[in-house]
Number of protein chains: 2
Amino acid sequence: MEGKGEISSDSSAVMLELLHMEMVSLFSSLDHKECQSKLEQLGRRVGATMAEQMTRDIPRFKNELDVLVFVCKQFWQQAWHKPVDNLKTNHQDVYVLLDNSFKLLSKMSTSEQYKSQAALYLSFPCGLIKGALTTLGITCHVTADVTEMPSCTFQVKVTTQ
Amino acid sequence: MEGKGEISSDSSAVMLELLHMEMVSLFSSLDHKECQSKLEQLGRRVGATMAEQMTRDIPRFKNELDVLVFVCKQFWQQAWHKPVDNLKTNHQDVYVLLDNSFKLLSKMSTSEQYKSQAALYLSFPCGLIKGALTTLGITCHVTADVTEMPSCTFQVKVTTQ
């Protein structure tokens, strides 16, 4: 039996992706906006718990940028097995996180018709970021944009501190 | 920033557990049986796809036991980062899979009151096993039983071949 069946190096990431696909499909009978909202809520709760667990025993963050860097590195690594590829900021209230090969888009066709589908696949991770940041004291709006699949950006706009 | 925030070795397993918890909570407004059924269906679809992906390029299985061993080893490892601890069979149509520290139960209180809650947490993995086995040509019923948390058994009763 040894060697039968390929095991991916990131193991349960496969099941995670499939479970997420089922979530999208579960809510897809709702209208597009409501479906996005449900997935985002789900992400928010998961992100909040993850951030809480990960930061329980560490020193306080120095400032807002410090929190964002944590989300881009450790949090993203925990969630998607890789850090964010790039973080940009206007040094005021906007942060843009770029992921060149975002896990949940990686198996999707790159053709134009899948763009609206891609938006659904980014609702959960938008919620994930928002949940994590809120738990770490940053109130914000998070939106996502697909440039060229599977590359995407998440824009964080801090609303109050 | 380096070293801030603990990253578990099985990384996205954490998110998987949290997403599964959200699923249980999502369906928990339904009655117990319907909730179990929804989670089981979800597991079936995920298990079927995982088994299909994992066995796409491998030789055919020799027999029923060969399939069960695959599910206990490679499939369980892929899903839960560890193989099943023990597989017993009556050499007819019943197989019992024992997991001494089942992932989805590992953070649950061991007190008696959580036993019915535990049953909900085993619906998805029951579906997972059933989905995988069905995809690999084995029609069966799968039930789960918690002996002492977080240890549990899954009983596979083959119905036809």
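# Close-up views of a predicted two-chain model

**View 1. Helix α3 of chain B rests against three strands.** In this predicted model, helix α3 of chain B, residues 64–80, lies across β1, β2 and β4 (152–160) of chain B. The helix runs at about 155° to β1(B). A second helix of chain B, α5 (residues 123–135), lies across β3 and β4 of that chain. Its direction makes an angle of about 155° with β3(B).

**View 2. The sheet of chain B is open and has 4 strands.** Here the strand order is β1-β2-β4-β3, and the pairing is antiparallel. Look to the edges for β1 (86–89) and β3 (139–146) of chain B, since each of these pairs on one side only. From one strand to the next, the twist averages 20°. Zooming in on one pair, β1(B) and β2(B) (residues 94–99) run antiparallel and are joined by 4 bridges. A handy place to start is L87(B), whose bridge partner in β2(B) is L97(B).

**View 3. Chain A as a whole gives the setting for the next close-ups.** Chain A has 5 helices and 4 strands. Following the sequence, you meet them in the pattern α-α-α-β-β-α-α-β-β. The radius of gyration of chain A is 16 Å, close to the 15 Å that the globule rule gives for 161 residues, so the chain is as compact as a globular protein of that length. Along the principal axes, its C-alpha atoms fill a box of roughly 50 × 40 × 25 Å. Of the 161 residues in chain A, 42% are buried. Among contacts in chain A with a separation of 6 or more, 59% are between residues 24 or more positions apart.

**View 4. The sheet of chain A carries two helices.** The 4 strands of this open sheet are ordered β1-β2-β4-β3 in chain A, with antiparallel pairing. At the edges sit β1 (86–89) and β3 (139–146) of chain A, each paired on one side only. The twist from one strand to the next averages 20°. Helix α3 of chain A (residues 64–80) lies across β1, β2 and β4 of chain A, at about 155° to β1(A). Helix α5 of chain A (residues 123–135) lies across β3 and β4 of chain A, at about 155° to β3(A).

**View 5. Two hairpins and a strand pair build the sheet of chain A.** Start with β1(A) and β2(A), an antiparallel pair with 4 bridges. Within this pair, T89(A) stands opposite Y95(A) in β2(A). The two strands form a hairpin with 4 residues between them, and H91(A) in the turn has a positive phi of about 60°. Next come β2 (residues 94–99) and β4 (residues 152–160) of chain A, which pair in the antiparallel sense over 6 bridges. To find your way along this pair, look for V94(A) opposite K157(A) in β4(A), and for D99(A) with its bridge partner C152(A) in β4(A). Finally, 8 bridges join the antiparallel strands β3(A) and β4(A). There, A144(A) stands opposite F154(A) in β4(A). A hairpin through 5 residues joins β3(A) to β4(A). As you follow any of these strands, it helps to remember that side chains in a regular strand alternate between the two faces of the sheet.

**View 6. S123(A) is a residue of helix α5.** S123(A) lies in helix α5 of chain A. Is S123(A) buried or exposed? S123(A) has 24 C-beta neighbours inside 10 Å, so it counts as buried. Setting aside neighbours within four places in sequence, S123(A) is in contact with Q36(A), L39(A), E40(A) and G43(A). For a longer look across the chain, turn to L18(A), 105 residues away in sequence: the C-alpha atoms of S123(A) and L18(A) are separated by 16 Å.

**View 7. The largest nonpolar core includes residues of chains A and B.** This core has 96 residues. Which of them touch the most other members? They are M50(A), V71(A), A132(A), M50(B), V71(B) and A132(B). To see one of these at close range, center on A132(B), which touches G47(B), A48(B), M50(B), A51(B), V71(B) and F75(B), not counting residues up to four places away in sequence.

**View 8. Confidence scores go with the model.** Chain A averages a pLDDT of 89, and 91% of the residues score at least 70. For the model, ipTM is 0.85 and pTM is 0.87.

Key:
Residues are numbered from 1 along each chain as its sequence is written. Chains are lettered from A and ligands numbered from 1 in the order in which they are written. This is a predicted model: local features need pLDDT of at least 70, side-chain atom pairs count only at pLDDT 80 or more; totals for chains, interfaces and linings use all residues. The radius of gyration is taken over C-alpha atoms; the globule rule is 2.2 Å times the number of residues to the power 0.38. A residue is buried if 20 or more other C-beta atoms lie within 10 Å of its own, exposed if 12 or fewer, and partly exposed in between; C-beta atoms are placed from the backbone. Two residues are in contact if their C-beta atoms, placed from the backbone, lie within 7 Å. Two strands pair if DSSP finds at least two bridges between them. Axes are lines fitted to C-alpha atoms, for helices over the stretch in contact, and angles run from 0 to 180 degrees between N-to-C directions. A nonpolar core is a set of buried Ala, Val, Leu, Ile, Met, Phe, Trp, Tyr and Cys residues joined through C-beta atoms within 7 Å. pLDDT is the predictor's confidence in each residue, from 0 to 100.
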